[in-house]
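Please open the structure in your viewer and keep the selection tool at hand. The tour proceeds from one selection to the next.

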Amino acid sequence: MPYKAFRTKLKLNDRQATLMAKHAGYDRFVFNWGLHLWRSAYEEGLKPNINSIKKVFTHYVKPQYPWMSELSSKVYQYAFINLGDAFKRFFKGISSYPKFKKKGHHDSFTLDNSGKPFKLSGTRHKLPFVGWVSTFEALPPSLVKKVTIARQAGDWYISFFVEITPEITPKFRERIGVDLGINNWATCSDGTQFSNPKAYKAATQKLARLQRHLSRKVKGSKNWAKCLLKVQKLHQRVANIRRDTIHKITTFLAKNHSQVVIEDLNVSGMLKNHCLAGSIADASFYEFRRQLGYKAERYGSKLIIADRFYPSSQLCSNCGHRQQMPLVRRTFECQNCGLKIDRDLNASINLEKSPGSDDYTCGRGAADSPGRSQK
(Lines give C-alpha, C1' and ligand atoms only; values in the text may rest on other atoms or scores of the structure.)
Protein backbone atom coordinates (compact mmCIF):
# COMPACT_ATOMS: atom_id res chain seq x y z
CA MET A 1 0.00 0.00 0.00
CA PRO A 2 1.62 3.31 -1.02
CA TYR A 3 1.78 6.26 1.31
CA LYS A 4 1.27 9.95 0.84
CA ALA A 5 2.92 12.54 3.07
CA PHE A 6 1.70 16.01 3.93
CA ARG A 7 3.65 18.94 5.29
CA THR A 8 2.23 22.37 5.98
CA LYS A 9 3.02 25.47 7.99
CA LEU A 10 1.46 25.99 11.41
CA LYS A 11 -0.16 29.27 12.47
CA LEU A 12 0.91 29.68 16.10
CA ASN A 13 0.67 32.36 18.76
CA ASP A 14 3.57 33.11 21.11
CA ARG A 15 2.37 30.66 23.78
CA GLN A 16 2.04 27.83 21.28
CA ALA A 17 5.42 28.57 19.68
CA THR A 18 7.04 28.49 23.12
CA LEU A 19 5.40 25.13 23.85
CA MET A 20 6.71 23.74 20.56
CA ALA A 21 10.23 24.97 21.37
CA LYS A 22 10.06 23.32 24.81
CA HIS A 23 9.07 19.97 23.30
CA ALA A 24 11.85 20.23 20.69
CA GLY A 25 14.32 20.98 23.50
CA TYR A 26 13.00 17.97 25.44
CA ASP A 27 13.58 15.74 22.42
CA ARG A 28 17.09 17.15 21.93
CA PHE A 29 17.98 16.70 25.64
CA VAL A 30 16.86 13.06 25.69
CA PHE A 31 18.55 12.17 22.40
CA ASN A 32 21.87 13.71 23.47
CA TRP A 33 21.68 12.13 26.93
CA GLY A 34 21.04 8.69 25.42
CA LEU A 35 23.85 9.09 22.88
CA HIS A 36 26.28 10.16 25.63
CA LEU A 37 25.38 7.17 27.80
CA TRP A 38 25.70 4.80 24.82
CA ARG A 39 29.19 6.11 24.04
CA SER A 40 30.25 5.96 27.69
CA ALA A 41 29.00 2.38 28.09
CA TYR A 42 30.77 1.30 24.91
CA GLU A 43 34.04 2.86 26.08
CA GLU A 44 33.68 0.88 29.33
CA GLY A 45 33.55 -2.33 27.32
CA LEU A 46 29.78 -2.88 27.68
CA LYS A 47 27.26 -3.63 24.95
CA PRO A 48 24.55 -0.96 25.32
CA ASN A 49 21.07 -1.15 23.84
CA ILE A 50 18.22 1.33 23.61
CA ASN A 51 15.85 -0.51 25.94
CA SER A 52 18.30 -0.57 28.86
CA ILE A 53 19.24 3.10 28.32
CA LYS A 54 15.56 4.06 28.22
CA LYS A 55 14.90 2.24 31.51
CA VAL A 56 17.74 4.11 33.21
CA PHE A 57 16.34 7.42 31.99
CA THR A 58 12.75 6.63 33.02
CA HIS A 59 13.56 5.42 36.54
CA TYR A 60 16.58 7.53 37.54
CA VAL A 61 16.95 10.61 35.33
CA LYS A 62 13.42 11.78 34.56
CA PRO A 63 12.37 12.12 38.26
CA GLN A 64 15.26 14.59 38.75
CA TYR A 65 13.78 17.08 36.26
CA PRO A 66 10.25 18.22 37.28
CA TRP A 67 9.82 20.25 34.07
CA MET A 68 9.69 17.01 32.07
CA SER A 69 6.36 16.07 33.66
CA GLU A 70 4.86 19.25 32.17
CA LEU A 71 5.56 18.04 28.62
CA SER A 72 4.32 15.07 26.60
CA SER A 73 5.95 11.77 27.53
CA LYS A 74 5.66 10.68 23.89
CA VAL A 75 8.47 13.05 22.99
CA TYR A 76 11.15 11.26 24.97
CA GLN A 77 9.88 7.84 23.84
CA TYR A 78 10.27 8.81 20.18
CA ALA A 79 13.66 10.37 20.94
CA PHE A 80 14.91 6.95 22.04
CA ILE A 81 13.26 5.28 19.03
CA ASN A 82 15.04 7.71 16.71
CA LEU A 83 18.34 7.12 18.49
CA GLY A 84 17.90 3.36 18.11
CA ASP A 85 17.09 3.75 14.41
CA ALA A 86 20.19 5.93 13.97
CA PHE A 87 22.40 3.19 15.40
CA LYS A 88 20.69 0.55 13.27
CA ARG A 89 21.48 2.55 10.13
CA PHE A 90 25.06 2.99 11.35
CA PHE A 91 25.57 -0.73 11.94
CA LYS A 92 24.12 -1.52 8.51
CA GLY A 93 26.57 0.92 6.91
CA ILE A 94 23.80 3.18 5.60
CA SER A 95 24.77 6.30 7.57
CA SER A 96 27.55 7.65 9.76
CA TYR A 97 27.81 7.44 13.54
CA PRO A 98 25.00 9.40 15.27
CA LYS A 99 25.88 12.98 16.19
CA PHE A 100 24.72 15.17 19.05
CA LYS A 101 21.85 17.51 18.24
CA LYS A 102 22.37 21.26 18.38
CA LYS A 103 19.84 23.87 19.40
CA GLY A 104 18.40 25.61 16.36
CA HIS A 105 19.51 22.86 13.95
CA HIS A 106 16.64 20.68 12.75
CA ASP A 107 14.54 21.20 15.90
CA SER A 108 11.72 18.65 15.83
CA PHE A 109 9.67 16.22 17.91
CA THR A 110 7.03 13.53 17.36
CA LEU A 111 3.64 13.03 19.03
CA ASP A 112 1.05 10.27 18.92
CA ASN A 113 -2.22 9.47 20.67
CA SER A 114 -1.09 6.40 22.64
CA GLY A 115 -1.65 4.14 19.65
CA LYS A 116 -5.10 5.47 18.82
CA PRO A 117 -5.48 7.18 15.43
CA PHE A 118 -6.72 10.76 15.48
CA LYS A 119 -8.27 12.90 12.76
CA LEU A 120 -6.83 15.96 11.05
CA SER A 121 -9.05 18.03 8.78
CA GLY A 122 -9.46 21.62 7.61
CA THR A 123 -7.41 24.39 9.18
CA ARG A 124 -8.08 23.61 12.87
CA HIS A 125 -6.60 20.49 14.41
CA LYS A 126 -6.50 19.01 17.89
CA LEU A 127 -3.12 17.42 18.53
CA PRO A 128 -2.37 15.07 21.44
CA PHE A 129 -1.26 17.00 24.53
CA VAL A 130 -0.53 20.19 22.54
CA GLY A 131 -4.20 20.96 21.95
CA TRP A 132 -5.79 23.03 19.19
CA VAL A 133 -3.53 24.48 16.50
CA SER A 134 -4.20 26.12 13.15
CA THR A 135 -2.59 25.71 9.74
CA PHE A 136 -2.39 28.20 6.88
CA GLU A 137 -3.59 25.58 4.39
CA ALA A 138 -6.60 23.32 4.79
CA LEU A 139 -5.76 19.63 5.09
CA PRO A 140 -7.95 16.87 3.65
CA PRO A 141 -9.71 14.61 6.18
CA SER A 142 -6.95 12.23 7.33
CA LEU A 143 -6.75 9.57 10.03
CA VAL A 144 -3.15 9.57 11.30
CA LYS A 145 -1.21 7.66 13.92
CA LYS A 146 1.51 10.22 14.65
CA VAL A 147 2.68 13.68 13.59
CA THR A 148 6.11 15.30 13.49
CA ILE A 149 6.47 18.99 14.22
CA ALA A 150 9.67 20.70 13.06
CA ARG A 151 11.07 24.21 12.91
CA GLN A 152 12.60 25.59 9.74
CA ALA A 153 13.73 29.18 9.19
CA GLY A 154 11.85 30.35 12.30
CA ASP A 155 8.51 28.75 11.33
CA TRP A 156 6.93 25.54 12.61
CA TYR A 157 5.63 22.84 10.26
CA ILE A 158 3.50 19.77 10.84
CA SER A 159 4.04 16.62 8.78
CA PHE A 160 2.43 13.19 8.67
CA PHE A 161 1.69 10.38 6.22
CA VAL A 162 -1.36 8.30 5.39
CA GLU A 163 -1.98 5.15 3.41
CA ILE A 164 -3.63 5.69 0.05
CA THR A 165 -4.95 3.48 -2.71
CA PRO A 166 -3.17 3.79 -6.08
CA GLU A 167 -4.88 6.28 -8.39
CA ILE A 168 -4.73 4.79 -11.87
CA THR A 169 -4.92 7.77 -14.24
CA PRO A 170 -5.65 7.67 -18.01
CA LYS A 171 -2.43 7.62 -20.02
CA PHE A 172 -1.99 9.74 -23.15
CA ARG A 173 1.25 8.12 -24.27
CA GLU A 174 2.54 4.58 -23.85
CA ARG A 175 6.27 5.32 -23.46
CA ILE A 176 8.33 8.47 -23.18
CA GLY A 177 12.04 9.15 -22.82
CA VAL A 178 13.24 11.94 -20.52
CA ASP A 179 16.71 13.48 -20.72
CA LEU A 180 17.76 15.47 -17.64
CA GLY A 181 19.89 18.56 -18.01
CA ILE A 182 20.86 21.89 -16.51
CA ASN A 183 19.34 24.57 -18.77
CA ASN A 184 16.25 22.47 -19.49
CA TRP A 185 15.52 20.41 -16.42
CA ALA A 186 13.80 17.72 -18.49
CA THR A 187 13.52 17.25 -22.25
CA CYS A 188 10.92 14.68 -23.34
CA SER A 189 10.97 12.59 -26.50
CA ASP A 190 7.67 14.14 -27.64
CA GLY A 191 9.36 17.57 -27.78
CA THR A 192 8.12 18.86 -24.42
CA GLN A 193 10.71 20.82 -22.47
CA PHE A 194 10.70 21.91 -18.83
CA SER A 195 12.98 24.83 -18.09
CA ASN A 196 15.12 25.03 -14.97
CA PRO A 197 14.30 28.07 -12.79
CA LYS A 198 17.87 27.98 -11.39
CA ALA A 199 16.66 29.31 -8.06
CA TYR A 200 20.03 29.07 -6.34
CA LYS A 201 21.84 30.93 -9.12
CA ALA A 202 19.21 33.69 -9.01
CA ALA A 203 19.66 34.06 -5.24
CA THR A 204 23.47 33.86 -5.21
CA GLN A 205 24.09 37.63 -5.12
CA LYS A 206 21.58 38.32 -2.36
CA LEU A 207 22.76 35.29 -0.39
CA ALA A 208 26.39 36.45 -0.58
CA ARG A 209 25.41 39.91 0.68
CA LEU A 210 23.44 38.49 3.61
CA GLN A 211 26.24 36.13 4.55
CA ARG A 212 28.73 39.02 4.56
CA HIS A 213 26.43 40.90 6.90
CA LEU A 214 26.12 37.80 9.09
CA SER A 215 29.89 37.37 9.33
CA ARG A 216 30.20 40.92 10.73
CA LYS A 217 27.74 40.37 13.56
CA VAL A 218 28.70 39.25 17.06
CA LYS A 219 27.84 35.56 17.17
CA GLY A 220 24.96 34.92 19.55
CA SER A 221 23.72 38.53 19.59
CA LYS A 222 20.18 39.54 18.67
CA ASN A 223 21.33 41.20 15.44
CA TRP A 224 23.22 38.03 14.55
CA ALA A 225 20.06 35.96 15.11
CA LYS A 226 17.99 38.34 12.95
CA CYS A 227 20.52 38.18 10.10
CA LEU A 228 20.80 34.40 10.41
CA LEU A 229 17.02 34.12 10.05
CA LYS A 230 17.18 36.12 6.81
CA VAL A 231 19.81 33.74 5.42
CA GLN A 232 17.73 30.71 6.45
CA LYS A 233 14.58 32.11 4.85
CA LEU A 234 16.40 32.73 1.57
CA HIS A 235 17.76 29.19 1.55
CA GLN A 236 14.26 27.92 2.27
CA ARG A 237 12.85 29.92 -0.64
CA VAL A 238 15.43 28.42 -3.00
CA ALA A 239 14.63 24.91 -1.78
CA ASN A 240 10.87 25.50 -2.10
CA ILE A 241 11.17 26.71 -5.70
CA ARG A 242 13.30 23.69 -6.61
CA ARG A 243 10.98 21.25 -4.83
CA ASP A 244 7.83 22.76 -6.36
CA THR A 245 9.25 22.52 -9.90
CA ILE A 246 10.33 18.89 -9.48
CA HIS A 247 6.93 17.95 -8.05
CA LYS A 248 5.09 19.47 -11.01
CA ILE A 249 7.31 17.79 -13.63
CA THR A 250 7.32 14.34 -12.02
CA THR A 251 3.55 14.41 -11.41
CA PHE A 252 2.92 15.29 -15.06
CA LEU A 253 5.17 12.47 -16.29
CA ALA A 254 3.78 9.80 -13.95
CA LYS A 255 0.14 10.69 -14.53
CA ASN A 256 0.15 10.87 -18.33
CA HIS A 257 2.58 8.13 -19.45
CA SER A 258 2.51 4.37 -19.00
CA GLN A 259 6.30 4.04 -19.10
CA VAL A 260 8.86 6.74 -18.31
CA VAL A 261 12.48 6.07 -19.27
CA ILE A 262 15.29 8.11 -17.69
CA GLU A 263 19.04 7.64 -17.64
CA ASP A 264 21.01 6.27 -14.70
CA LEU A 265 23.19 9.32 -14.02
CA ASN A 266 26.45 9.07 -12.09
CA VAL A 267 25.81 12.25 -10.11
CA SER A 268 28.81 11.86 -7.78
CA GLY A 269 31.06 11.59 -10.82
CA MET A 270 29.41 14.58 -12.49
CA LEU A 271 30.03 16.70 -9.39
CA LYS A 272 33.78 16.33 -9.92
CA ASN A 273 33.43 18.77 -12.80
CA HIS A 274 34.10 21.92 -10.77
CA CYS A 275 32.81 24.19 -13.54
CA LEU A 276 29.34 22.63 -13.42
CA ALA A 277 29.20 21.17 -9.90
CA GLY A 278 27.03 24.00 -8.52
CA SER A 279 24.52 23.79 -11.37
CA ILE A 280 24.40 19.98 -11.18
CA ALA A 281 23.79 20.06 -7.43
CA ASP A 282 21.07 22.68 -7.91
CA ALA A 283 19.32 20.42 -10.43
CA SER A 284 18.73 17.67 -7.80
CA PHE A 285 18.78 14.75 -10.23
CA TYR A 286 18.48 12.16 -7.45
CA GLU A 287 15.42 13.88 -5.98
CA PHE A 288 13.87 13.90 -9.46
CA ARG A 289 14.39 10.16 -9.75
CA ARG A 290 13.14 9.50 -6.21
CA GLN A 291 9.90 11.40 -6.70
CA LEU A 292 9.30 9.85 -10.10
CA GLY A 293 9.75 6.41 -8.53
CA TYR A 294 7.00 6.60 -5.93
CA LYS A 295 4.66 8.63 -8.15
CA ALA A 296 4.90 6.01 -10.89
CA GLU A 297 3.67 3.45 -8.38
CA ARG A 298 0.93 5.79 -7.15
CA TYR A 299 -0.50 6.59 -10.60
CA GLY A 300 -0.15 3.14 -12.17
CA SER A 301 2.81 3.80 -14.46
CA LYS A 302 6.29 2.31 -14.65
CA LEU A 303 9.65 4.00 -14.24
CA ILE A 304 12.44 2.45 -16.31
CA ILE A 305 16.10 3.26 -15.74
CA ALA A 306 18.28 2.94 -18.85
CA ASP A 307 21.72 1.41 -18.46
CA ARG A 308 24.29 3.91 -17.23
CA PHE A 309 26.59 3.21 -20.18
CA TYR A 310 23.89 3.49 -22.84
CA PRO A 311 25.22 6.23 -25.22
CA SER A 312 21.97 8.19 -25.60
CA SER A 313 23.79 11.43 -26.46
CA GLN A 314 26.10 9.82 -29.04
CA LEU A 315 23.55 7.89 -31.12
CA CYS A 316 21.59 9.35 -34.01
CA SER A 317 17.89 8.98 -33.24
CA ASN A 318 17.17 8.56 -36.95
CA CYS A 319 19.73 6.05 -38.28
CA GLY A 320 21.51 4.86 -35.14
CA HIS A 321 24.97 6.09 -36.21
CA ARG A 322 27.28 6.67 -33.24
CA GLN A 323 29.67 9.60 -32.99
CA GLN A 324 31.42 11.59 -30.30
CA MET A 325 29.46 14.49 -28.80
CA PRO A 326 31.49 16.91 -26.63
CA LEU A 327 29.44 18.70 -24.00
CA VAL A 328 29.98 22.06 -25.68
CA ARG A 329 28.06 20.96 -28.81
CA ARG A 330 24.35 21.55 -28.21
CA THR A 331 23.15 20.43 -31.65
CA PHE A 332 23.50 16.85 -32.87
CA GLU A 333 24.55 16.75 -36.54
CA CYS A 334 24.64 13.17 -37.82
CA GLN A 335 27.65 12.46 -40.05
CA ASN A 336 25.78 9.56 -41.65
CA CYS A 337 22.26 10.78 -42.54
CA GLY A 338 22.68 14.53 -42.01
CA LEU A 339 20.03 14.84 -39.27
CA LYS A 340 20.21 18.09 -37.30
CA ILE A 341 18.43 18.02 -33.95
CA ASP A 342 18.77 19.44 -30.45
CA ARG A 343 21.20 17.41 -28.39
CA ASP A 344 18.83 16.82 -25.46
CA LEU A 345 15.85 15.97 -27.68
CA ASN A 346 17.99 13.46 -29.58
CA ALA A 347 19.04 11.84 -26.30
CA SER A 348 15.45 11.62 -25.03
CA ILE A 349 14.29 9.92 -28.26
CA ASN A 350 17.11 7.40 -27.90
CA LEU A 351 16.09 6.78 -24.29
CA GLU A 352 12.54 6.03 -25.43
CA LYS A 353 13.95 3.44 -27.85
CA SER A 354 16.58 2.13 -25.42
CA PRO A 355 16.82 -1.69 -25.26
CA GLY A 356 17.53 -3.77 -22.18
CA SER A 357 16.25 -1.22 -19.67
CA ASP A 358 15.63 -2.34 -16.11
CA ASP A 359 12.46 -1.71 -14.14
CA TYR A 360 12.99 0.67 -11.27
CA THR A 361 12.46 -0.78 -7.81
CA CYS A 362 10.88 1.99 -5.80
CA GLY A 363 12.15 0.88 -2.38
CA ARG A 364 12.46 3.92 -0.11
CA GLY A 365 10.89 6.10 -2.78
CA ALA A 366 7.50 4.43 -2.30
CA ALA A 367 6.48 7.00 0.28
CA ASP A 368 7.20 10.67 0.40
CA SER A 369 9.07 11.45 3.59
CA PRO A 370 7.30 13.65 6.17
CA GLY A 371 9.43 16.60 5.23
CA ARG A 372 8.16 16.64 1.66
CA SER A 373 5.13 18.57 0.57
CA GLN A 374 2.84 17.12 -2.09
CA LYS A 375 1.83 18.62 -5.43
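Begin by selecting histidine 106, which sits in the loop between α3 (73–91) and β2 (108–112). The model is a predicted one. Is histidine 106 buried or exposed? Histidine 106 is exposed, since its relative accessible area is 72%. Its backbone deserves attention as well: phi is positive, about 55°, although histidine 106 is not a glycine.

**The whole protein**

Now zoom out until the entire chain is visible. Along the principal axes, the C-alpha atoms fill a box of roughly 80 × 50 × 50 Å. Colour the chain by secondary structure, and nine helices and 14 strands can be found. Of the 375 residues, 43% are buried. Consider next the contacts between residues at least 6 apart in sequence: 68% of them join residues at least 24 apart.

**Arginine 28 and its partner**

Select arginine 28, in helix α1 (residues 14–43). Its relative accessible area is 16%, and arginine 28 is therefore buried, the limit being under 20%. Show the residues around it. Leaving aside residues up to four places away in sequence, arginine 28 touches Lys101, Lys102, Lys103 and Asp107.

Which side chain meets that of arginine 28 in a salt bridge? The partner is aspartate 107, with a distance of 3.3 Å from N to O. Arginine 28 belongs to helix α1 and aspartate 107 to the loop between α3 and β2, so this pair ties together parts that are 79 residues apart in sequence. Aspartate 107 also counts as buried, at 4% relative accessibility.

**Lysine 119**

Move to lysine 119, which lies in strand β3 (residues 118–127). Lysine 119 has a relative accessible area of 57% and is exposed. When residues up to four places away in sequence are not counted, lysine 119 touches Pro141, Ser142 and Leu143. Add lysine 145 to the selection and draw a distance between the two C-alpha atoms: lysine 119 and lysine 145 are 8.9 Å apart in space, with their positions 26 residues apart in sequence.

**Two domains**

Colour residues 1–161 as domain 1 and residues 171–351 as domain 2, following the domain assignment. How far apart do the C-alpha centres of domain 1 and domain 2 lie? They are 34 Å apart. In the region where the domains meet, seven residues of domain 1 are in contact with five residues of domain 2.

The size of an interface is often given as the accessible area lost when the parts come together. For domain 1 and domain 2 this buried area is about 600 Å², and carbon and sulfur atoms give 41% of it. On the side of domain 1, select Pro2, Gln152 and Ala153: these lose the most area to domain 2, together 57% of what that side buries.

Stay with alanine 153, placed in the loop between β5 (146–152) and β6. Alanine 153 is buried, with a relative accessible area of 9%. Its phi is near 50°, a positive value in a residue other than glycine.

**The salt bridges**

Search the whole structure for salt bridges, and 13 are found. Select lysine 9 and aspartate 155, whose closest N and O atoms are 3.4 Å apart in a salt bridge. Lysine 9 lies in strand β1 and aspartate 155 in strand β6, so the pair ties together parts that are 146 residues apart in sequence. Lysine 9 is partly exposed at 29% relative accessibility, whereas aspartate 155 is buried at 17%.

How many salt bridges cross the interface of domain 1 and domain 2? There is one. Add lysine 233 to the selection: its side chain forms a salt bridge with that of aspartate 155, at 3.2 Å from N to O. Aspartate 155 is in strand β6 and lysine 233 in helix α5 (residues 222–256), so parts 78 residues apart in sequence are tied together. Lysine 233 counts as partly exposed, at 35% relative accessibility. Through shared partners, salt bridges join Lys9, Asp155 and Lys233 into one network.

To finish, display the polar contacts across the interface of domain 1 and domain 2, where four residue pairs are found. On the side of domain 1 that touches domain 2, β1 (3–11) and β6 (155–163) are the elements that give two or more residues. By class, that side of domain 1 has three nonpolar, two polar and two charged residues.

How values were computed
Residues are numbered from 1 along each chain as its sequence is written. This is a predicted model: local features need pLDDT of at least 70, side-chain atom pairs count only at pLDDT 80 or more; totals for chains, interfaces and linings use all residues. Side-chain values use heavy atoms; hydrogens and water are left out. Domain bounds come from an automatic or database domain assignment. Contact means heavy atoms within 4.5 Å. Buried area is the accessible area (1.4 Å probe) that two parts lose on being put together, summed over both. A salt bridge is a side-chain nitrogen of Lys or Arg within 4 Å of a carboxyl oxygen of Asp or Glu. A polar contact is a pair of N or O atoms within 3.5 Å; within protein, one must be able to donate a hydrogen and the other to accept it, and residues adjacent in sequence count only if both atoms are side-chain atoms. Helices (H or I, at least four residues) and strands (E, at least two) are DSSP runs, numbered from the N terminus. Ala, Val, Leu, Ile, Met, Phe, Trp, Tyr, Cys and Pro count as nonpolar, Asp, Glu, Lys and Arg as charged, and the others, Gly among them, as polar. Buried means under 20% relative accessible area, exposed over 50%, partly exposed in between (1.4 Å probe, protein chains only).
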